[in-house]
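Notebook open, structure loaded. I want to go through the cysteines, the packing and the empty space, and jot down what turns up.

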Amino acid sequence: MKKVSFSVLVNHAQRSFRNAVPISSIMALRSSTRNFGIAMNTRIMQPQFKSRMLCTTSKDVNDIRWKILESAVPHVHQWGWTTEAISLGAQDQGLSPYSHGLFPRGAVELAEHVQDSLHDAWVRDLPALDLKEPDEAVRLAGAVHLRLLKQAPFVNSWPQLLALQAHPASLPGAIRRLARTCDVACSAACVGDLPSDPAYYSKRAMLGGAYGMAEVYMLTDYSEGFADTRALLERKLREGLGAEAAVRAVVSQAGAGLAAGVLRAVQAIKVKP
């Protein structure tokens, strides 16, 4: 059998293709394709299409992200704070399950979305809460307890969310949200505090510790309406406010003693011949 080189086979295939398809048809197809590409490039470069593209990459994408996260929230009860819940939320919106790639930080963004939604709902309901109790610890406990009740539907999966928050990359955002919660609660329950008063900041710091303690305690609280968590909050806040008042009294007395000593020294200098 005679051997045939590879180049001979290629030439034979090219001749066969040219004989089967007229060269005029090939040139016409190539020309129409080139003209279509030029037309599309010209159209895309028009200003109205540029603005439409910019809108798609900013506001529209944010709207899509928000809708996916909203749809993912019901799936948290079964799948937890995971990218699987986000993928199912995307499918509920008629999108690809791989749309979870829109969230670079994964399940952390779902957790932050839920926390922000719960915070907004709490702020809306807070004015209706009766905060006329003379005991400041009771007022603060009532405001914080209402905030904790907002996350009660997620109590079974909340440990996973706390673990996500403890990650070093998520910790700054978690601290900011805790500070925001303490500021809103103190502003609602401690009317009259001024930023010039050191107690304005010490109360918020003390409330942050009590809130974190109550949030963890709530995970194993099986009392009706999380009443034991409310009692824990009142007890810890009363202890914290009492300690804060004692420190303020000591500082005030020390300041008064220092001022009296300075005044006596000045008077001694004045009467000295």
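**Cysteines.** I started with a disulfide search over the whole structure, and it came back with zero. Worth noting up front that I'm working on a predicted model. I looked at C186 and found it in no disulfide; its nearest cysteine sulfur belongs to C190, 4.8 Å away. From the other side, C190 is in no disulfide either, with the sulfur of C186 as the nearest one at 4.8 Å. The cut-off for a disulfide is 2.5 Å between sulfur atoms, so a pair has to be within that to count.

Are these cysteines buried or exposed? C186 has 1% relative accessibility, so I put it down as buried. C190 comes out at 4%, so C190 goes down as buried too.

**Overall layout.** I counted secondary structure next: 12 helices and zero strands. Reading along the sequence, I just get α written over and over, α-α-α-α-α-α-α-α-α-α-α-α. The protein has 273 residues, and buried ones make up 32% of them. I also checked contacts with a sequence separation of 6 or more: 68% of them are between residues 24 or more positions apart.

**Cores.** Which residues touch the most other members of the largest nonpolar core? In this core of 25 residues, my list reads L140, V144, L148, A185, L207, L233 and L237. I then asked where the core comes from: α8 (136–150), α10 (171–189), α11 (198–217) and α12 (227–271) each put in at least two residues. The largest share is from α8, with seven residues.

I picked L233 for a closer look. Skipping neighbours within four places in sequence, I find L233 in contact with A141, V144, H145, L148, A210 and A214. There is another core apart from the largest one, with 18 residues, including A111, V114, W158 and L161. A reminder to myself: in soluble globular proteins, nonpolar side chains tend to be buried together.

**Largest pocket.** On to empty space. Rolling a probe the size of a water molecule over the atoms shows where such space is left. The largest pocket holds about 270 Å³ of space. I count 18 lining residues, and the closest to the pocket centre are Q165, A174, L178, Y211 and E215. The elements giving two or more residues to this lining are α9 (158–165), α10 and α11. Which of them gives the most? That is α10, with seven residues. By class I get nine nonpolar, five polar and four charged residues in the lining.

**Second largest pocket.** This one has about 160 Å³ of space. I wrote out its lining: N62, R65, W66, L69, R105, E109, E112, H113 and D116. Two or more residues each come from α4 (59–72) and α7 (107–125). How does the lining divide by class? I have two nonpolar, two polar and five charged residues.

**Cavity.** I also looked for closed-off space, and the count is one cavity of 30 Å³ or more. The largest cavity has a volume of about 60 Å³. Its lining is V108, A111, E112, Q115, L161, L164, Q165, S170, G173, A174 and R177. The elements giving two or more residues here are α7, α9 and α10. The largest share, four residues, is from α7. By class, the cavity lining splits into five nonpolar, four polar and two charged residues.

Cross-checking my lists, I spotted some repeats. Q165 and A174 are among the residues closest to the centre of the largest pocket, and both also line the cavity. E112 lines the second largest pocket and turns up in the cavity lining as well. A111, which I had noted in the 18-residue core, lines the cavity too, and L161 is likewise in that core and in the cavity lining.

**A backbone oddity.** Last entry, on F226. Its phi is near 55 degrees, a positive value in a residue other than glycine. Where does F226 sit? I find F226 in the loop between α11 and α12. The relative accessible area of F226 is 14%, so I record F226 as buried, the cut-off being under 20%.

Key
Residues numbered from 1 in each chain as written. Predicted model: local features only at pLDDT ≥ 70, side-chain atom pairs only at ≥ 80, totals over all residues. Heavy atoms only, no water. Buried < 20%, exposed > 50% of the residue type's maximum accessible area, 1.4 Å probe, protein only. Core = buried A, V, L, I, M, F, W, Y, C linked by side-chain atoms within 4.5 Å. Contact = heavy atoms within 4.5 Å. 1 Å grid on protein atoms, 1.4 Å probe; cavity = no way out; pocket = protein on both sides within 12 Å on 5 of 7 lines; lining within 4 Å. Points joined across faces, edges and corners; volume = space filled by probe spheres on them. Nonpolar A, V, L, I, M, F, W, Y, C, P; charged D, E, K, R; others polar.
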